[in-house]
Amino acid sequence: MAEKADLSAPDFTTAYDTEFEGVWLYLRRLGVPAADVEDAVHDVFVVAHRRYASYDSTRPLGPWLLGIAFRVAAQWRRQRRHEVGLDETGRELPDAGQGPDDAVAALQVQSQLQAALGALDLPQRAVVVMHDLHGLSAPEIAEELSIPLNTVYSRLRLGRSKLAVALRGKA
Amino acid sequence: MSGFEEGALPVGFDVLVRADALALAPPDGAKERIRQRLAATLGLAAGLGAAGGVVASATATASAGPAPAEGLLGLGKVLLLKKAVLVAVAATTTLTAGTAVYVVRAQQERAAARALVTPSPPSPAKALSVPVAEAPQASAGPALGEERTLLDAARSAIAEGRLKEAQTLVAGHAAAFPHGQLVEEREALRIRLLVKQGQRAEASRLGARFKKEHPNSIQQPGIDEALRKPWP
């Protein structure tokens, strides 16, 4: 392990053990599919390891890792946009060739919430998932995503509205 | 569902979140698989000990890698490889069937896994692995997946004694990613390879240069250990 700026930071093994599931769930909730999520989690912790020497342990570890995970997921979506069916803003497109039986099968393997989150573009989705599913505060989100606090609140409000509509449509 | 207000969470949202967490939870073994991959990628001798205190050795992980070649590599399979990796390897020397099969197999396995989850037809032009986004402090370029694939293959080749093949892969990485994200990992592998090849003077020279260029590298303990080993 490289020298740490702050020795009170948890060692990397502990960080992996405690934050693995949160990172996994966050990536899945941003739309990284099951077939790719192991690679994505791996890449998050590779980047985290490289930056761990400069990690400020006065900041909570989970949000810091989710900030890295957001960038990994964003890159994945840019690369795979045409393969997984995302529109220009990152929302998941309905499958035009999907018949009624296929649609039922898809819903069975996709949680109701996950399906509704697909209606949000990635920036809104990232904020809603961080805040409402992973319990981060708005200032934490602003810091980890490098966006103004007002933008967090705006994305949260708009994202929640869209989510509500999407959930209502699936109820 | 009812009870929504604009900008507010829907009634029963907490129930949905719990169901979502159950639906998306990592499968058994995923945590340990990724732990071992991380130990190999990062070259950690003791950096990612497995749960229960067992230390995951990079060498042990590498030796548990893919099996040797199973046959000749067809042109069609070669074309599945991403351009950067092909250029990297082709720029140096001939890729052996074993290494190429490893790289292709890794891609095929991922495509097969994806097909199980997503019923859409597989695309022949899929990237080898998930690339990494740009990070604000330390850049994590989009080619990290390709870098990792090359170095994983090189690490396996070293562990299995396929030293010429490992040399090809390390050189291929250097050609394709001279300033890549895994440069330190590559140079550490190069030094270990030289040790295996019995090139003591060159290994020591590169070891000294590495220490000077990367004084705080996480690779340093592993390099020191390799250079301390008895020479063949």
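Is G172(B) buried or exposed? To find out, select G172(B) in helix α8 (residues 163-176) of chain B; helices (H or I, at least four residues) and strands (E, at least two) are DSSP runs, numbered from the N terminus. G172(B) is buried, with a relative accessible area of 0%; buried means under 20% relative accessible area, exposed over 50%, and partly exposed in between (1.4 Å probe, protein chains only). Add A154(B) to the selection: the two residues lie 18 apart in sequence and 9.9 Å apart in space, C-alpha to C-alpha.

The model is predicted, with local features requiring pLDDT of at least 70 and side-chain atom pairs counting only at pLDDT 80 or more, while totals for chains, interfaces and linings use all residues. Residues are numbered from 1 along each chain as its sequence is written, chains are lettered from A and ligands numbered from 1 in the order in which they are written, and side-chain values use heavy atoms, with hydrogens and water left out.

**Chain A as a whole**

Display chain A, which holds eight helices and zero strands. Of its 171 residues, 55% are buried. Among contacts (heavy atoms within 4.5 Å) between residues at least 6 apart in sequence, 66% join residues at least 24 apart.

**The nonpolar cores**

A nonpolar core is a set of buried Ala, Val, Leu, Ile, Met, Phe, Trp, Tyr and Cys residues joined through side-chain atoms within 4.5 Å. The largest has 75 residues, and V23(A), Y26(A), L27(A), V41(A) and L163(A) have the most contacts inside it. Helix α3 (residues 61-84) of chain A gives the most to this core, with eleven residues. Centre next on L27(A): leaving aside neighbours within four places in sequence, its contacts are V32(A), V37(A), A40(A), V41(A), V44(A), A69(A) and A73(A). A second, separate core of nine residues includes A188(B), V195(B), A203(B) and I223(B).

**Helices α6 and α7 of chain A**

Select V129(A) in helix α6 (residues 122-133) of chain A. This residue is buried, with a relative accessible area of 0%. Beyond neighbours within four places in sequence, V129(A) is in contact with Y26(A), R29(A), L30(A), L117(A) and H134(A). The C-alpha atoms of V129(A) and L117(A) are 8.7 Å apart, with their positions twelve residues apart along the chain.

Proceed to helix α7 (residues 138-145) of chain A, where the buried residues are A138(A), I141(A), A142(A), E144(A) and L145(A). Just after α7(A), S146(A) takes a positive phi of about 55°.

**Between the chains**

Show helix α1 (residues 12-29) of chain A with helix α1 (residues 13-24) of chain B: their axes come within 10 Å and cross at roughly 100°. Axes are lines fitted to C-alpha atoms, for helices over the stretch in contact, and angles run from 0 to 180 degrees between N-to-C directions. α1(A) and α1(B) are therefore roughly perpendicular; angles under 35 degrees count as roughly parallel, over 145 as roughly antiparallel, 65 to 115 as roughly perpendicular and the rest as oblique. W24(A), L25(A), R28(A) and R29(A) meet V17(B), D20(B), A21(B) and L24(B) here.

**A helix pair in chain B**

Finish with helix α9 (residues 183-197) and helix α10 (residues 200-213) of chain B, whose axes come within 8 Å and cross at roughly 155°. α9(B) and α10(B) are therefore roughly antiparallel. On the α9(B) side, the contact residues include A188(B), I191(B) and V195(B), and on the α10(B) side they include A203(B), L206(B) and F210(B).
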